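Here are my notes on the model you sent, set out as numbered points. They begin with a term that the strand pairing relies on and then go through the parts I looked at.

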Amino acid sequence: MSEDNNTTTTNNNEINSVFSEQDKELASKAKHEYEAGQFDVCLKTLQKILESYPDDPKVLFNIALTEYSMSNYQKTEIFKTQLNKIAEKLNCTSDDVTTLEEPDQCTVFYNMAVLLYHMRQYQTALVIAEKLFRLIGQLDETLSWKVCLLLTELDLCTFQPDNALGAIAHLDKLLAERSSPPSNGVSHSPNMLNDNLEILKSKISLYKIRCLLMRKSLRTCKKELKQLQNTNLSSTSLTYARANFEYFKENHIRALKILTNNQQNNPSVPSLQKNSSHCFYNNLSCIHFHLHKSAFALFYMRRALTENNRLLVEQLNSTDKQLIAHQINRKYEILYNLGIQLLFKHQPLAAFECLIEVIHIYSNNIRLWLRLAECCIMVYRSSNEDIFKLEEKLKCVLQSIGTGFHHKLILGNCNTSTSMKRSTTSDHENCSMEFAMICLKNALTYLPVITDADLQKEETKLYPAPPGNPMRIGDMLSLKCSILIAAAYVSLCLNDFVSAKNYSTSLLSEPRASSGHKYLARLYLSESFLAMNKIELALTQLDADTVKNESDLSFKIPITTVDKGEEKSDTPETTPTVPKADLVNWSPRDARVGQAIIYYNIAAIYAITHDVEKAFKNFNLFVNLFGKSQPAHSFQLKFYLDLLDGNRHRLQILLKENFGHLTSNKSFVALPTHTHPASTNNS
C-alpha cells in the first residue's frame with residue numbers, strides 16, 4: 001500500500017519544521033526505518049517522539065500507520081478506528097467528508113480514501129478524493145500528486161473517463177512545473193518526485209490511454225501508445241493496453257499475438273503469469289469469442305474463474321498484505337463475461353445462473369437486465385429455426401384413424417414447442433417469461449432521458465454501464481429500442497395485449513428507432529390489435545411496401561456513434577483479419593422474406609374473418625416470396641383455408657404431397673382441431 005507509505009514521509013517532513021533538533025533527528029530516523037521495512041524499530045522511535053508530544057495528531061497518525069504495516073495490512077478496522085480518533089483531534093470526522101476544511105486534515109482523509117479504494121468502495125472514496133482535489137492548491141507537492149493520481153484511478157474505476165482526463169490535465173500541469181527550471185533561480189525542494197519523474201510520466205501516459213480506450217477515441221490513443229512505446233517501457237499494463245487497443249479496432253488476431261507473445265518472450269514480467277493470470281485468461285476468452293471460436297472462449301473464461309478463485313485463496317491464506325485481496329478479486333466481472341458468452345452460445349439456463357449472481361453487484365446496469373430477460377426468452381423459445389424442422393411439420397397431422405371410407409386424419413398443432421420447454425424447466429422457476437417482464441421493467445426504469453439537445457452536443461455524452469465500458473448515445477438508443485421490442489414480445493407471450501400495444505406504440509413513436517425494430521413493432525402491434533378484436537387496426541399495421549430492401553430490416557440506429565475527427569479514415573492494418581460477422585443470425589434479413597411474413601399475417605387475419613378470397617391471395621404471395629422451405633404453421637393455415645373453402649380435393653393433394661405416410665389412395669375426411677391460426681412472432 002505505497003500510498004500510505006508515502007504519506008508517512010510527508011508527515012515526518014512536516015514534523016521537522018516544528019520539532020526540536022533532537023526530535024527532528026528521531027523523525028528522520030523513523031522515516032528511513034519505515035522505508036526500509038523495519039516497522040518494529042520505527043515504532044519504538046516514534047514512541048520516543050510521542051513522549052514529548054503525546055497529543056500531536058501527526059505523530060499519532062505515523063504510529064497508527066506503522067502498526068497497520070506491522071500487521072501486514074490485516075487490521076484494517078483497527079486502523080480506521082485510529083484514523084477516526086486522529087480526525088477528532090483535528091476537529092473533523094473521517095466518515096463525514098463535509099467536515100474537511102483545513103489542509104492539516106487532508107492526510108487523514110486521503111488515507112481513508114486509499115483504504116476505501118483498496119476495499120473497492122469506489123464511490124465513497126471518490127467523494128473524498130473530489131473534496132481533496134478542491135483543496136489541492138493548499139497542499140504540499142507530494143500530497144498533491146497523490147491526490148491527483150488517486151482521483152484519476154477512482155474516476156476510471158467508476159467509468160468516468162472524461163472526469164479522469166480533467167485530473168490528468170492537472171497532473172500534466174504539475175509535471176510541467178516540476179520539469180521546467182524555476183523562474184526565481186531557486187531549485188525545487190527535494191522530495192520523492194525527483195527520482196521518479198520518468199515513472200510518473202509513464203504512469204500518466206497509461207492513464208491517458210485507459211481514458212481514451214474507455215471513450216473509444218482510438219486515433220488519439222494510437223498516438224499515445226506510440227509515444228509510450230518509444231520510451232522502451234515494459235509493463236503488464238502497457239501490454240494489456242496495446243492488446244485492448246487492437247481489440248477495439250477489431251484486429252483480434254493481433255491482440256491475441258500481443259498477449260501470448262509477451263507471456264512467452266518476457267518471463268521477467270511474472271504478473272502476467274501469477275497476479276494477473278485471471279485477467280490474462282479473461283482477455284484470451286474475449287478475443288476468441290469475437291473470433292467465433294466459442295468453445296475456446298468458454299474454456300478460457302472458465303479457466304479465468306478458476307484462476308481468480310485460486311489467487312483469492314492464496315492471498316487470503318498468506319500473511320502478506322491482506323488488503324490487496326479485494327483488488328485481486330474479479331469474480332463478478334468474469335461471471336458477467338461468462339454469462340454473455342453462454343447466452344450467445346444458446347445455453348440460456350447456464351447464462352441465467354451466471355448473470356443472476358452478477359445483478360446483485362451491478363443492479364444499475366441496464367444492458368444486464370436485458371440480458372437476463374433474453375435468457376428467459378430463449379428458454380421459452382430458443383429460436384425460430386425449430387419451425388422449419390421436419391419433426392415440427394409432422395406435428396401438423398397428429399394421427400390417422402379408421403380405414404376405408406371411415407379413414408380420418410386428426411390435424412394437430414405444431415406450436416407446442418414453447419409449452420413443452422416451459423414444463424421441462426420447472427427446476428428453474430425464476431427463469432420464466434414473468435421474470436423476464438420484471439427485468440425489462442427494471443431496465444426501462446433505469447433508462448436515461450435522451451433529448452435532441454444531447455444529440456446536438458459536440459462532446460460525446462457517456463453513460464456508465466459497469467462492469468463494461470461507458471455507452472454512447474447511439475448505443476443507449478439502440479438499447480432502449482431492444483428493451484421495448486423485447487417487452488412487447490414478452491407481453492404477447494403472457495397474453496398481456498394492452499401492454500404489448502403500448503410498448504410497440506412507444507417504439508414506433510421513437511424517431512431514432514432502427515428500421516428493423518420498427519418492422520417488429522408493427523408485427524407485434526398488429527397481433528395485439530388482432531387479439532383485442534380490432535381487425536381494421538391490425539390490418540393497417542401490415543404493409544409489405546414498407547420493406548423494399550435489406551436496409552428496411554437493419555437494426556442500425558440512424559445516428560453516428562463516433563466522435564468528430566475520430567478514426568473513420570485510419571490507415572489499413574497489415575495484419576490479416578478475420579471477416580467480420582454478426583454474433584447472432586437475425587431473421588428475417590432478406591427483404592423478400594420480410595415481405596412474405598407480412599403477407600402471411602395478413603392471410604391469417606383474413607382467415608379469422610372468413611374472407612377466404614383475400615386470405616388465399618395473400619397466402620399465395622407469401623408462398624411465392626418465401627420459397628420452398630416454409631415454416632410448419634404455414635401448413636396449418638393452408639389446411640384451414642382449404643377447409644373454409646370446402647376444396648376437399650386440393651386439401652387431399654396437399655396432404656398426400658407432404659404427409660403421404662399417413663394418407664391412403666382412398667377418400668378420407670380431415671377433422672380440424674378447434675384452434676385458430678396465429679400470426680407469426682419474430683424475436
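1. Two strands are taken to pair if DSSP finds at least two bridges between them. The model is a predicted one, and the points below should be read with that in mind.

2. By that criterion strand E1, which covers residues 397-401, and strand E2 pair in the antiparallel sense, with four bridges between them. Within this pairing Gln399 has Ile410 of E2 as its bridge partner, while Ser400 stands opposite Leu409 in E2. The two strands form a hairpin with six residues between them, and in the turn Gly402 has a positive phi of about 80°.

3. Which residues of E2 point to the buried face? Along this strand, residues 408-411, the side chains alternate, with Leu409 and Leu411 on one face and buried, whereas Lys408 and Ile410 point to the other face and are not buried. In a regular strand the side chains do alternate between the two faces of the sheet. Read together with the bridges, Ile410, the partner of Gln399, is on the face that is not buried, and Leu409, opposite Ser400, is on the buried one.

4. Helix H28 (residues 591-608) and helix H30 (residues 632-645) have axes that come within 11 Å and cross at roughly 35°, and the crossing is left-handed. On the H28 side the residues that meet H30 are Tyr600, Ala603, Ala604 and Ala607, and on the H30 side they are His633, Ser634, Leu637, Tyr640, Leu641 and Leu644. Sorted by class, this contact has eight nonpolar residues, two polar ones and no charged ones.

5. For the aromatic residues, a search of the whole structure finds 14 pairs. Tyr68 and Tyr73 form an edge-to-face pair, because their ring centres are 5.2 Å apart and their planes stand at 90°, an angle over the 60 degrees required for that class. Both partners have low values against the cut-off of under 20% relative accessible area: Tyr68 counts as buried because its relative accessibility is 2%, and Tyr73 counts as buried because its value is 5%.

6. Tyr600 and Phe622 form a tilted aromatic pair, with 5.2 Å from centre to centre and 55° between the planes. Since Tyr600 lies in H28 and Phe622 in helix H29 (residues 612-626), the pair ties together parts that are 22 residues apart in sequence. Tyr600 and Phe622 are both buried, and Tyr600 is also among the H28 residues that meet H30. Elsewhere, Phe280, Tyr281, Phe299 and Tyr300 form one aromatic cluster.

7. Is Ser504 buried or exposed? This serine, in helix H25 (residues 497-508), has a relative accessibility of 0% and therefore counts as buried. Leaving aside residues up to four places away in sequence, Ser504 touches Ala488, Ala521, Tyr524 and Leu525.

8. For the protein chain as a whole, the secondary structure comes to 31 helices and five strands. Buried residues make up 49% of its 683 residues. Among contacts between residues at least 6 apart in sequence, 66% join residues at least 24 apart.

Notes. Residues numbered from 1 in each chain as written. Predicted model: local features only at pLDDT ≥ 70, side-chain atom pairs only at ≥ 80, totals over all residues. Heavy atoms only, no water. Buried < 20%, exposed > 50% of the residue type's maximum accessible area, 1.4 Å probe, protein only. Axes fitted to C-alpha atoms, helices over the stretch in contact; angles between N-to-C directions. Left-handed = near helix turned anticlockwise from the far one by under 90°. Contact = heavy atoms within 4.5 Å. Nonpolar A, V, L, I, M, F, W, Y, C, P; charged D, E, K, R; others polar. Phe/Tyr/Trp six-rings, centres within 6.5 Å; stacked < 30°, edge-to-face > 60°.
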